[in-house]
Amino acid sequence: MKIFVPKEINPGEKRVALVPDVISKLTRAGFEVEVESGAGLGAGAGDKEFVTAGAQVVASSDATKAIASADVVLSVQPLSVAQFKSLKSGAITISFLSPTNAVENIEAAATSGATAFSLELVPRISRAQSMDALTSQALCAGYRAALVAAELSPRFFPLLMTAAGTVTPANVLVLGAGVAGLQAIATARRLGAVVSAYDVRPSSADEVRSMGATFIDLQLEAIEGAGGYAREMSEERAAKQRELLTPYITKSHVLITTAAVPGKAAPRLVTKEMYSAMPEGSVIVDLAAESGGNVEGSKPGETLVTEGGVRIWGGKDVPSQLPFHASSLYSRNVVNLLLLMVKEGALNIDFSDEIIDAAAVTHGGAKRVPGSAKAENAKATSAGAKDGK
Ligand SMILES: NC(=O)c1ccc[n+]([C@@H]2O[C@H](COP(=O)([O-])OP(=O)(O)OC[C@H]3O[C@@H](n4cnc5c(N)ncnc54)[C@H](O)[C@@H]3O)[C@@H](O)[C@H]2O)c1
């Protein structure tokens, strides 16, 4: 069983799908691991470390051959259409695959006869927690968001009593208190800021408070959907939320936004009018900039300065800005998912396992509906019950 890890092709992507630390776990399970030369450099892992850990390093000129002969190809970003096309039939790929966007890539994966797994689709059940790359990467993004905000702010975050006078702490407001938001709260708190947060899911209130922050209760209807995620809200509800949040925003020195709704564009939480009333020197970090932006006008990868002196930082490839630990956590997620498919030293894709069923988007030369095995099973069980079987 051969694994190949190509160098990431997206510019700005510094993560690598496997770090040297996890190689021994794979070789013990019977895998041979090949890594493209330079694949780990952005994450602080050189070719030599991969070799010491038990992997073989393949020159970039041989990468296409290595993909074509691999049983498993692991990456962070989706493989390109050409890479998918060069896979051998029956190969497995694991990566983020943006099921709604990477349409051509998924088509190419299906044509090649590969089983392509999309880490976004790993279900959020207890057994799959160690494979949940959305969570591990959101953790990195949230931490980074607070550090970027502290760096861009002209103010201290903590309270300081000095001989030259007292420095009051920064007020940090976090919108969206999921995985990234909670980590941003924790990091800003560690730096000494006074933090408050809002989320449409009331279940996040206790988590916010447990981090030492204040939960803002707008007394609006909860927008909680399936699987612990938020749902899309109506424009009327969004407008009311913006109106009620405005006084909190104008009192903040730092605003960090992390709100997302799975499969939808990021909700617009903050308009130009709202941030125009923030004090000069205020900082906004929009982690949702790549998926449409929580903040009007934010641009992924850019820091804009408004006429009123507010800086707006639009996040782009944010987990990749913490490449060492983002790769380390991602590697563990990927290895745990892959090892689920190893039975008695061989690869075995078992769609009766709900994790495998939920995350595979192609198999046997065709696209497949993730979760279809479970749905079929449920149909058969209910038909059996009706027939009195
Ligand atoms: N294995 C598990 O059981 C598991 C793993 C990870 C997360 N979760 C749960 O899922 C929750 C959300 O996960 P996530 O961080 O990946 O979510 P996410 O990235 O989809 O969204 C981020 C946050 O934005 C919030 N949000 C959406 N619309 C908003 C709006 N209009 N205004 C304010 N906030 C808004 C969401 O409620 C969420 O908390 C977690 O807090 C946790 O409870 C469970």
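**Exercise 1. The seven-stranded sheet**

In this predicted model, find the strand order of the open sheet of seven strands, and explain which sides lack a neighbour.

*Solution.*
- Trace the order: 11-10-9-12-13-15-14.
- Check the sense of pairing: it is mixed.
- Go to the edges. Strand 11 (214-215) and strand 14 (303-305) stand there.
- Count partners. Each edge strand has a single partner strand, so one side of each is left without a neighbour in the sheet.

**Exercise 2. One strand pair in register**

How many bridges join strand 9 to strand 12, and which residue is the bridge partner of Val 172?

*Solution.*
- Locate strand 9 at residues 171-175 and strand 12 at residues 254-257.
- Four bridges join the two, and the strands run parallel.
- Fix the register: Val 172 has Val 254 in strand 12 as its bridge partner.

**Exercise 3. Helices across the sheet**

Which strands do helix 6 and helix 7 lie across?

*Solution.*
- Take helix 6 (residues 133-152). Strand 12, strand 13 (283-286) and strand 15 (311-314) lie under its path.
- Its angle to strand 13 is about 155 degrees.
- Take helix 7 (residues 179-190). It crosses strand 9, strand 10 (194-198) and strand 12.
- Its angle to strand 10 is about 165 degrees.

**Exercise 4. The six-stranded sheet**

Give the order of the six strands, the edge strands and the twist.

*Solution.*
- The order is 3-2-1-4-5-6, in an open sheet with parallel pairing.
- Strand 3 (56-58) and strand 6 (115-118) are the edge strands, each pairing on one side only.
- From one strand to the next, the twist averages 20 degrees.
- Look at one pair. Strand 5 (residues 92-95) and strand 6 are parallel, with four bridges. Ile 94 stands opposite Phe 117 in strand 6.
- Add the helix. Helix 11 (residues 323-339) packs on this sheet and touches strand 4 (72-74), strand 5 and strand 6. Its direction makes about 150 degrees with that of strand 5.

**Exercise 5. Helix 9**

Compare the span of helix 9 with expectation, then find where the helix bends.

*Solution.*
- Helix 9 covers residues 235-250, which is 16 residues.
- At 1.5 Å a residue, the expected span is 22 Å.
- The end C-alpha atoms are 22 Å apart, so the two agree.
- Now the bend: about 35 degrees at Leu 244. Pro 247 follows within four residues.

**Exercise 6. Two domains**

How far apart are the centres of domain 1 and domain 2, and how many residues are in contact?

*Solution.*
- Set the bounds from the domain assignment: domain 1 is 2-131 + 323-376, domain 2 is 141-321.
- The centres, taken over C-alpha atoms, are 33 Å apart.
- Eight residues of domain 1 contact seven of domain 2.
- Sort the domain 1 side by class: two nonpolar, two polar, four charged.

Terms used
Residues numbered from 1 in each chain as written. Predicted model: local features only at pLDDT ≥ 70, side-chain atom pairs only at ≥ 80, totals over all residues. Domains from an automatic or database assignment. Nonpolar A, V, L, I, M, F, W, Y, C, P; charged D, E, K, R; others polar. Expected span 1.5 Å × (residues − 1). Bend = angle between axes of the 7 residues up to and from the residue. Pairing = 2+ DSSP bridges. Axes fitted to C-alpha atoms, helices over the stretch in contact; angles between N-to-C directions.
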